[in-house]
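Please work through the exercises below with the sequence and the model open side by side. Each task is followed by a solution that goes step by step.

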Amino acid sequence: MVLAETLQGPSIPWVELIPILSLLGGACFLLLIGSLVPNWPRRGYSWVAIAVTSIAVIANAIKWNNLYYNKGATFFADAIAIDRFSVVASITICLSVILGALLMSAYLVRMNADGPELYALLLTAAIGALVMVSANDLIVLFLGLETLSLSLYLLAASNRDREQSQESGLKYFILGGFSSAFFLYGVALIYGSTGSTKISGIGQALSGSISIIHADAMLLVGIGMLMVGLGFKVSAAPFHVWTPDVYEGAPTPVTAFMASAGKVAAFAALMRVLLVGLEQRVDDWRPVVWALAILTVFTGSILAVVQTNVKRMLAYSSISHAGFILVGVEAAGHVGGDGIATAMNYLAIYTVLVMGSFAIVLAMSGTTDGETNLSDFKGLAKRRPALALAFTVLLFAQAGVPLTSGFVAKFAVIKSAVEANSYVLAIAAMVAAVIGAYLYLRIAVSMWLEEPTSEAEISIDPAVVIVIVLAVAATLIVGFFPELLLHATRLVRFAPR
Amino acid sequence: MHASFPILSALILLPILGAVLITVVSNKYLELVKLIAMLFSIGVGGMSVWLLASFHSHDAGFQFVSQHEWVTSWGISWHLGVDGISLFLVVLTGILFPLVILGVDPHHDHKRYLAWLLLLEAGVMGSFLSLDLFLFFIFFEIVLVPMYFLIGGWGYDKRVYAATKFFLYTMLGSAFMLVGIIATAVIARHDVGYLTFDLVTLAEHASFATNTSRWLFVSFAIAFAVKVPIFPLHTWLPDAHTQAPTGGSVILAGVLLKMGTYGFLRFGLYLFPAAAVWAKPVLLTLAVIGIIYGAIAATMQVDLKRLVAYSSVAHLGFIVLGIFAITSQSLTGSVMQMVNHGISTGALFLLVGMIYERRHTRQIAELRGIQAVAPIFAATFMIVMLSSIGVPGLNGFAGEFLVLIGSFQSARWWTIVAATGVILAALYLLWAYQRVFHGEPDEANSSFAELTLREGVLMLVFIGLIGFTGLYPKPMLERIEPSVDKLVAHVVSHSDYKAPTTPQITKVGE
């Protein structure tokens, strides 16, 4: 009784939760009504998912507008931070959900397995991701991380007819469990040494405004474990080993979602923890990020060279992209750098590229979702020239060829690194990008310069066409007019403490 | 500046428009596709000639400047301009592309071939016209894509290997330059006051610390050295040239390699004068090694096309020698030589391509006695070859002579060694000519066809250019010299370099 009287719950500004609530509502609606009403119109489930996510996008856009003149604030007893950083990350994740739902509908229609479950899981995964990007408390962050991860484990294993899918889900589950344990232990140690689980609270504790127990070793081990946990999620080398297997085995729309939204959420969390919570310890973690970045760009681009499966190739390329984003994170650790903005810029551009690329892989992967070997792409230019051209644009964008969004992303990150005087990192990343380009050239060679091995008609679902057209258009528009995107990401900031 | 019509932007955008049109026209109307390609390339060629005609010959600065904001938050603008250094490269590009499009048959997939060629033309034009570092990098890099597909799609046996090597090699060079470009702009922000990638602003207002400018220069120099290519970064060139289709080789040798030497002039000497002076001995040495090495390697080749490719390494060595000797004459000679090499080596590649069309081999050992069965062909080859050797009266002489005379004043010993390269050039080319054209034709060569009318007209254009610039280089010199003098003055005033004050030598053609 005493407890109930003294414990005052925080005030709840429901308006700030609209994006998460609308996704949650959508997930519940799908599961409830989906099981009660058996015969839905074709693609009906996907429309629900897209509709609720669109509401989330609109709500976030309105928030962005309100945040234009202030830097945002924390709510729910400082557990959730709504700032320009989290809003941009949320919009990126929601875009990835919308495109992912379109791909999912094409995939399920082809598999003849349309149903509400996968869309519901997609939405719950997105909820986890949205919580992660705005979590200002390590426990809340962990909740988001687990919501995202559990949904992804199930999604990865959802193709029951394909053994690799089962294997992928199980592998992701076991390794993901390990990384969560690391993360949680890291949270405990940091709490032990700073007396707070709030990210901004940790920052205050470390800056000395609140007296702390002097437990330096404990704090350092905690930081290390936290970085292992999040490094796993962003697939930074040497924690990347799961990525190729899981990406290859999971259904292609799930891979696309995992590679985009999953990465955005994990990077957003990583940046908030490092730059808000551990800002005072920048000299401790920056060299680690530096080393991770170099290791990741080279691991991703060198190992990609020997792959023969396009999904695995894209998995390795996603690793090397993670390395580039880490270059931005490292730059953000320097005074006066705009690494936060450029890393977010990279994430937004990368999300679109990866969605478009996997959409093409999906179009090519046949009814088993397994025909994704490089040899399946041979002579694509002769069979479907438009598809080959679209893939070429997306691949060259990933390679960082000018006049595509990928170049803008790389240019911005390298610019941040140079402004932060991280020349070695900048040059290493560019050299790795050249090695990585070989991968994209190999796919291009297969498509344009080799003879087709099969004459089978490639039927492309209209939903996939939409995703591809949107992705290619965005790639070129941002490539020619970078200002459009830079204008938004330039303003990305964390809420003031 | 002088004309309200944005001719420089048009030179870049027109070929892109042509490529887009070609892409949307159906494969069924092949003749229409060819007509579009022809009209657009001739249109661009015509505009470049008009540019030449309306260029003010005694104005050393940038003319026809066109500047529009592009990415304001990064200080990037669409800034184009032409001066005496870039003028003739633009004209060469404008003339070479229609000749290639009209004169060389790719045999298959005409539509894609022509679209890539027009895109390539836009990229090359952009590289020569950009006055913004970012813009330049974009064009410099984007050129790789069409060239990659041209080599890979229409080349010979090992085309995929050659195309990939070309792409990755050049991209690796550019990787360093990109970091260098960003670092230049970021560091110069303190001097300029704001972030800008504008070449003229940076060159006039930024002052870099000695070591900084050296690092920056090196990052640019790597990219250009790969592109030129300077020994020992040249290994992509023989492969790319040999495997590329004839049209690709002509463009590659004619204008693409010049992007490297042009880069040294525009972004090396102009932007980092002190560092360029510091790097002078190294680059002069590499240039001279390139001249001798290229010549010896060319002598040893059994494949006629590879021979011409190695001769390019030697010729570009002369150009680099002239650039880093940094005297008015040597630089003028280098710019001339860039254009002359484009004409004569372009023509040589065309002729080698014709030989291959007829005999389906380029092995020197399998060719013999062609002079007896195709005397006009042999005579054409002879003229082009003599121009490449640098025989007085033909175009190759004027440039090479100016380079040697200019370099002798400031880089004596390098020049003495380089001069032997002229003799070696005569050796490998004449020896090749002797083996291919002299003697009695064997059975396979006895049916070697004479030049057709189309080929004849094509070669006549080249021979006309060879003869005109050889006999009357004055109009060219008049336009190049003011800009070159200004560049030398810029280097002298921004470094401790002293241009040699030997008595002015009477200029060729006066």
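**Exercise 1.** In which helix of chain B does B:Pro98 lie?

*Solution.* B:Pro98 belongs to helix α3 of chain B, residues 84–103, where helices (H or I, at least four residues) and strands (E, at least two) are DSSP runs numbered from the N terminus. Before going further, note that this is a predicted model, in which local features need pLDDT of at least 70 and side-chain atom pairs count only at pLDDT 80 or more, while totals for chains, interfaces and linings use all residues. Residues are numbered from 1 along each chain as its sequence is written, chains are lettered from A and ligands numbered from 1 in the order in which they are written, and side-chain values use heavy atoms, with hydrogens and water left out.

Next, consider its surroundings: B:Pro98 has a relative accessible area of 8% and is therefore buried, a class that means under 20%, with exposed over 50% and partly exposed in between (1.4 Å probe, protein chains only). Not counting residues up to four places away in sequence, B:Pro98 touches B:Ser41 and B:Ile42, contact meaning heavy atoms within 4.5 Å.

**Exercise 2.** Describe the interface of chain B with chain A, starting from its residues and ending with its elements.

*Solution.* Begin with the contacts, in which 33 residues of chain B meet 35 residues of chain A. The size of an interface is often given as the accessible area lost when the parts come together. Here the two chains, B and A, bury about 3,300 Å² between them, with 84% of it on carbon and sulfur atoms; this area is the accessible area (1.4 Å probe) that two parts lose on being put together, summed over both.

Then turn to the charged pairs: the count between chain B and chain A is one salt bridge, that is, a side-chain nitrogen of Lys or Arg within 4 Å of a carboxyl oxygen of Asp or Glu. B:Arg189 and A:Glu419 form a salt bridge, their closest N and O atoms being 3.0 Å apart. On the side of chain B that touches chain A, the elements giving two or more residues are β1 (63–71), α5 (133–142), α6 (144–154) and α7 (159–192) of chain B, and α7(B) gives the most, with 15 residues.

**Exercise 3.** Which parts of chain A does the salt bridge of A:Arg281 and A:Asp216 tie together?

*Solution.* The side chains of A:Arg281 and A:Asp216 meet in a salt bridge at 2.4 Å, N to O. Since A:Arg281 lies in the loop between α11 (252–277) and α12 (282–304) of chain A, and A:Asp216 in helix α9 (residues 216–233) of chain A, the pair ties together parts that are 65 residues apart in sequence. As for accessibility, A:Arg281 is buried at a relative accessible area of 18%, whereas A:Asp216, at 40%, is partly exposed.

**Exercise 4.** How far apart in sequence are the partners A:Asp461 and A:Arg43, and are they buried or exposed?

*Solution.* A salt bridge joins A:Asp461 to A:Arg43, with the closest N and O atoms 2.8 Å apart. A:Asp461 sits in the loop between α18 and α19 (462–480) of chain A, and A:Arg43 in the loop between α2 (18–36) and α3 (44–66) of chain A, so that this pair links distant parts of the chain, 418 residues apart. Both A:Asp461 and A:Arg43 are buried.
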